[in-house]
Amino acid sequence: MSKIWGRLERDIREYRYAIAGLSVYFVITRLLFGAFCPVVVLTGLPCPGCGLNRSVWFLLSGQFARSFSLHPMGICWFLLLLWFAGNRYVAGRKMSGGMVVLLIGVCIATLCLYGYRMAVVFPDRPPMSYTGRNLLERLIPGYREWILP
């Protein structure tokens, strides 16, 4: 158990500036735009990962249908994260070629699903909905009307 905590502490120490930067970014964007995702903050459009966090939370709470409706790839990303964490922290192994191939596959599947959801669901149902008060809407007159027919 001490080896697992040691590996985790080492990663936190190594990435402390990135963690601090993301924390500051989170607070600022939440206050100014009410969102964390850079795509939503800039354009107001959902990104390929919109709904993933909530999907995983619902998955962990046993609300599988709700999890799937928010983001069908939530289960895949969660299992991939568990596999990565198990290999990295429990087994002490670096990311293997198989892990990279699986990661690329899940990314491609997520992007394909995003294209489908933008074509079929947007902007009718959260999380595939438009978020107002974004940066482009504030800077470009008529941006919202151009994006939303």
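This report walks through the fold, the buried parts, the surface and the salt bridges of one protein chain. Please keep in mind that the model is predicted.

**The overall picture**

Let's begin with the whole chain. The protein chain holds nine helices and zero strands. If you follow the sequence from start to end, the pattern reads α-α-α-α-α-α-α-α-α. Along the principal axes, the C-alpha atoms fill a box of roughly 55 × 35 × 30 Å.

How much of the chain is buried? Of the 149 residues in the protein chain, 28% are buried. The accessible surface comes to about 10,000 Å², and carbon and sulfur atoms account for 71% of that area. Contacts also tell us how the chain folds back on itself: among those between residues at least 6 apart in sequence, 50% join residues at least 24 apart.

**Helix 6 and its neighbours**

Helix 6 runs over residues 74-90 and gives us a nice check to do by hand. With 17 residues at 1.5 Å a residue, helix 6 should span 24 Å. Its end C-alpha atoms are 23 Å apart, so the model agrees with the expected span.

Which residues of helix 6 are buried? They are Gly74, Phe78, Leu80, Asn87 and Tyr89. The cover over these buried residues includes helix 1 (2-14), helix 4 (52-60) and helix 7 (97-120). Just after helix 6 comes glycine 92, which takes a positive phi of about 75°.

**Two serines that meet**

Helix 4 is also home to serine 55. With a relative accessible area of 0%, serine 55 is buried, because buried means under 20%. Leaving aside residues up to four places away in sequence, serine 55 touches Ser67, Leu70, His71 and Gly74. Gly74 is one of the buried residues of helix 6.

Now look from the other side of the pair. Serine 67 sits in helix 5 (residues 64-70). At 4% relative accessibility, serine 67 counts as buried. Its contacts, again without residues up to four places away in sequence, are Ser55, Phe58 and Leu59.

**A nonpolar core**

What makes up the largest nonpolar core? It has seven residues: Phe33, Ala35, Cys37, Val40, Val41, Cys47 and Cys50. Cysteine 47, one of these core residues, touches Cys37, Val39 and Tyr114, not counting residues up to four places away in sequence.

Cysteine 50, another core residue, can be set beside alanine 109. Alanine 109 belongs to helix 7. The two are 59 residues apart in sequence and 14 Å apart in space, C-alpha to C-alpha. Alanine 109 is partly exposed, with a relative accessible area of 31%.

**A nonpolar patch on the surface**

Nonpolar residues also turn up on the outside. Leu22, Val24, Phe26, Val27, Ile28, Leu31, Leu32 and Phe36 form a nonpolar surface patch. Together, these residues have about 750 Å² of accessible area.

Two members of the patch are worth finding in the structure. Isoleucine 28 lies in helix 2 (residues 16-33), and at 44% relative accessibility isoleucine 28 counts as partly exposed. Phenylalanine 26 is found in helix 2 too. Its relative accessible area of 39% makes phenylalanine 26 partly exposed. Phenylalanine 26 and phenylalanine 36 are ten residues apart in sequence, while their C-alpha atoms are 5.7 Å apart in space.

**The salt bridges**

How many salt bridges does a search of the whole structure find? The search finds two, and the table sets them out.

| Acidic residue | Basic residue | Closest N and O atoms |
|---|---|---|
| Aspartate 11 | Arginine 88 | 2.5 Å apart |
| Glutamate 137 | Arginine 144 | 3.3 Å apart |

Take the salt bridge between aspartate 11 and arginine 88. Aspartate 11 lies in helix 1 and arginine 88 in helix 6, so the pair ties together parts that are 77 residues apart in sequence. Is aspartate 11 buried or exposed? At 7% relative accessibility, aspartate 11 counts as buried.

In the pair of glutamate 137 and arginine 144, glutamate 137 is partly exposed at 24% relative accessibility. Arginine 144 counts as partly exposed as well, at 36% relative accessibility.

Methods. Residues numbered from 1 in each chain as written. Predicted model: local features only at pLDDT ≥ 70, side-chain atom pairs only at ≥ 80, totals over all residues. Heavy atoms only, no water. Helix = DSSP H or I, 4+ residues; strand = E, 2+ residues; numbered from the N terminus. Expected span 1.5 Å × (residues − 1). Buried < 20%, exposed > 50% of the residue type's maximum accessible area, 1.4 Å probe, protein only. Contact = heavy atoms within 4.5 Å. Patch = residues over 30% accessible without salt bridge, like charges linked within 9 Å, V, L, I, M, F, W, Y side chains within 5 Å. Areas by Shrake-Rupley, 256 points an atom, 1.4 Å probe, with all protein chains shown as cover. Salt bridge = Lys/Arg side-chain N within 4 Å of Asp/Glu carboxyl O. Core = buried A, V, L, I, M, F, W, Y, C linked by side-chain atoms within 4.5 Å.
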